[in-house]
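Look over the sequence and the coordinates below. A short report on strands, core and side-chain contacts goes with them.

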Amino acid sequence: MRKFNVTVNGKSYEVDVEEVGAGESSAPVSVSSAPAAKTPVSKPAGEGTPVPSPLPGLILGLSHKDGDAVKEGDKIIVLEAMKMENDVNAPVSGTITYAVKKGDNVETGAVLAYIR
């Protein structure tokens with residue numbers, strides 16, 4: 001496993017890449033949306049279930065306020081990707097805490113919110 005710092009649109013990411021042999025895929029194994037100078041972000045204790053972005057795109061809206069109760073399957077975020085609006089739904093029931101705001105650009109896998 002090798003670590004690289006990658007800058008995309010002025011935002012730095014620390015990327016872990018697994019070296020593979022001939023004939024195998026060379027896709028990134030994990031991407032942390034934390035700034036490269038900091039330790040990669042894993043699920044902090046007490047933060048709850050992370051909600052990852054299914055696509056890269058623009059956050060058009062948040063359907064709730066921080067601290068609101070949500071049920072599994074509730075729409076929690078509207079994400080624009082490829083000129084289409086996509087709903088991101090809660091994977092579990094609980095209390096939501098957003099990690100993004102309206103107008104943010106996100107990459108696939110970036111944590112959008114936590115539900116505990």
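The report covers the sheet, the central strand pairings, the nonpolar core and a few side chains.

## Model and sheet

This is a predicted model. One open sheet has 4 strands, in the order E8-E7-E5-E10, with antiparallel pairing. E8 and strand E10 (105–106) stand at the edges. Each has a single partner strand, so one side of each lacks a neighbour in the sheet.

The pairings can be taken in turn. E7 and strand E8 (residues 84–89) pair in the antiparallel sense over 6 bridges. E5 and E7 also run antiparallel, joined by 4 bridges. E5 and E10 pair antiparallel over 2 bridges. In that pairing, Leu-58 has Asn-105 of E10 as its bridge partner.

## Strand E7

Is E7 largely enclosed or left open by the rest of the structure? E7 is largely enclosed, because 5 of its 7 residues are buried. On the E5 side, Ile-59 stands opposite Leu-79 in E7. On the E8 side, Ile-77 stands opposite Val-88. The hairpin of E7 and E8 has 2 residues between the strands. In this hairpin, Met-82 takes a positive phi near 55°.

Val-78 lies in strand E7. Its relative accessibility is 13%; the cut-off for buried is under 20%, so Val-78 counts as buried. Beyond four places in sequence, Val-78 touches Leu-58, Ile-59, Leu-60 and Gly-61. It also touches Glu-85, Asn-86 and Asp-87. Gly-61 is 17 residues from Val-78 in sequence, yet their C-alpha atoms are 5.1 Å apart.

## Nonpolar core

In soluble globular proteins, nonpolar side chains tend to be buried together. Here the largest nonpolar core has 16 residues. Those with the most contacts inside this core are Ile-59, Ile-76, Ile-77, Val-88, Ile-96, Val-106 and Leu-112. At least two core residues come from each of strand E7 (75–81), strand E9 (94–98) and strand E11 (111–115).

Which residues does Ile-77 contact, leaving aside neighbours within four places in sequence? Among them are Ile-59, Val-88 and Leu-112, which also appear in the list of core residues with the most contacts. Ile-77 further contacts Gly-61, Leu-62, Ser-63, Asn-86, Asp-87, Tyr-98 and Val-100.

## Ser-53 in its loop

Ser-53 sits in the loop between strand E4 (49–52) and strand E5 (57–62). Is this serine buried or exposed? At 3% relative accessibility, Ser-53 counts as buried. A polar atom of its side chain lies 2.5 Å from the backbone oxygen of Leu-55.

Ser-53 also has contacts farther along the chain, beyond four places in sequence. These are Leu-79, Val-106, Glu-107, Thr-108, Gly-109, Ala-110 and Leu-112. Of these contacts, Leu-112 is also in contact with Ile-77.

## Salt bridge

How many salt bridges does the structure hold? The structure holds 1. The side chains of Asp-104 and Lys-101 meet in a salt bridge, at 3.0 Å from N to O. Is Lys-101 buried or exposed? Its relative accessibility is 53%, and the cut-off for exposed is over 50%, so Lys-101 counts as exposed.

Terms used. Residues are numbered from 1 along each chain as its sequence is written. This is a predicted model: local features need pLDDT of at least 70, side-chain atom pairs count only at pLDDT 80 or more; totals for chains, interfaces and linings use all residues. Side-chain values use heavy atoms; hydrogens and water are left out. A nonpolar core is a set of buried Ala, Val, Leu, Ile, Met, Phe, Trp, Tyr and Cys residues joined through side-chain atoms within 4.5 Å. Buried means under 20% relative accessible area, exposed over 50%, partly exposed in between (1.4 Å probe, protein chains only). Contact means heavy atoms within 4.5 Å. A salt bridge is a side-chain nitrogen of Lys or Arg within 4 Å of a carboxyl oxygen of Asp or Glu. A polar contact is a pair of N or O atoms within 3.5 Å; within protein, one must be able to donate a hydrogen and the other to accept it, and residues adjacent in sequence count only if both atoms are side-chain atoms. Two strands pair if DSSP finds at least two bridges between them.
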